[in-house]
Amino acid sequence: MNFYTTILGSGAAIPTAARHCSGQAVNINGFRILLDCGENTQTQIRVFHQRLQAIKLICITHLHGDHFFGLPGLISSMHLCGRKEPLDIFAPTGIAQAMQTLIEISGCHIDFEICYHELSHTEGNPLIFENNLCRVYSFPLLHSVPTYGYLIEEKPRGKNPPRRYAYCTDTAYTENILPYIEQVNLLCLESTFNNEYAQIAAEKLHCTAAQAATLALKANAKQLLLTHISARFKEPEPLLAEATAIFPNTLIASDGAQIEVHY
Ligand SMILES: [Zn+2]
Ligand SMILES: [Zn+2]
């Protein structure tokens, strides 16, 4: 069974030529979930040959612009391309007001149903979505605005144990998330900074590469994927070196990369 994520944007805050803002398209045997939708995500969907209308579910981590400013444009394009299928959007409280305001003042008529599911829980990891292929859970992260990580779990088929993919950005170092990400097959964690910028990371409630690797180690994750890379890192080697010293099985996300969730 296919279970992989395509990186649409791996940068932090400001899009650059090398890294766009946050976005990933997850494919579980043909079912498509979009994780975050930073500016220009719809263009990245086309550049990396993802199918716009195949997206059934969108999970937004938080309402900082680099994680959802691409959503109005994406929805407008879905409409213009003739979408009739409903779309489910999970995001912190405020998403419905933001989107409905933009849609209304732009005079845009959306010809398909959008179901906004606003998250406000401050602990635990409730099941938020389920179909015949997967389950999706949300859990709170530690950031300057309400922020949620998402855990995508495939449903068991045959003798294979179900694989799990956890997507956690943006967040400061917090061991509160360990119960939710324990033993995941692939753990995507933000790594905006390295140790050199530990003070700024703490102030802005982001992680360093070493902190992300420590969480992966403590969670007993199988593989770590670093994303949300600050534009100050033209080359990712300092981040990778710092993380692999603690957790060797670490990758750094790059735009366009397709990363399989291994058993
Ligand atoms: Zn961000
Ligand atoms: Zn943020």
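Here are a few questions and answers about helices α7 and α8 in this predicted model.

Q: How do you know that α7 and α8 pack against each other, and at what angle?
A: Helix α7 (residues 209-219) and helix α8 (residues 237-244) have axes 8 Å apart, at an angle of about 35°. The residues making the contact are Ala209, Ala210, Ala212 and Ala213 on α7, with Leu239, Glu242 and Ala243 on α8. To count as a contact, two residues need C-beta atoms within 7 Å.

Q: What makes up the contact of α7 with α8, by class?
A: There are 6 nonpolar residues, no polar ones and 1 charged. Glu counts as charged, while Ala and Leu count as nonpolar.

Q: Why are Leu239, Glu242 and Ala243 said to be on the same side of α8?
A: Because they cover an arc of only 95° around the axis, these residues end up on the same side of α8. Leu239, Glu242 and Ala243 are buried, and buried means 20 or more other C-beta atoms within 10 Å. Their cover includes α7, β12 (224-227) and β13 (250-252).

Q: Which residues sit on the face of α8 turned away from its buried side?
A: That face carries Glu237 and Ala241, both exposed. For that label, a residue can have 12 or fewer other C-beta atoms within 10 Å.

Q: What makes α7 stand out in the largest nonpolar core?
A: The core has 71 residues, and its largest share, 7 residues, comes from α7. Ala212 and Ala216 are among the residues with the most contacts inside the core. Leaving out residues up to four places away in sequence, Ala216 touches Leu187, Leu189, Ala221, Leu224 and Phe247.

Key. Residues are numbered from 1 along each chain as its sequence is written. Chains are lettered from A and ligands numbered from 1 in the order in which they are written. This is a predicted model: local features need pLDDT of at least 70, side-chain atom pairs count only at pLDDT 80 or more; totals for chains, interfaces and linings use all residues. Axes are lines fitted to C-alpha atoms, for helices over the stretch in contact, and angles run from 0 to 180 degrees between N-to-C directions. Helices (H or I, at least four residues) and strands (E, at least two) are DSSP runs, numbered from the N terminus. A nonpolar core is a set of buried Ala, Val, Leu, Ile, Met, Phe, Trp, Tyr and Cys residues joined through C-beta atoms within 7 Å. The arc is that of the directions from the helix axis to the C-beta atoms.
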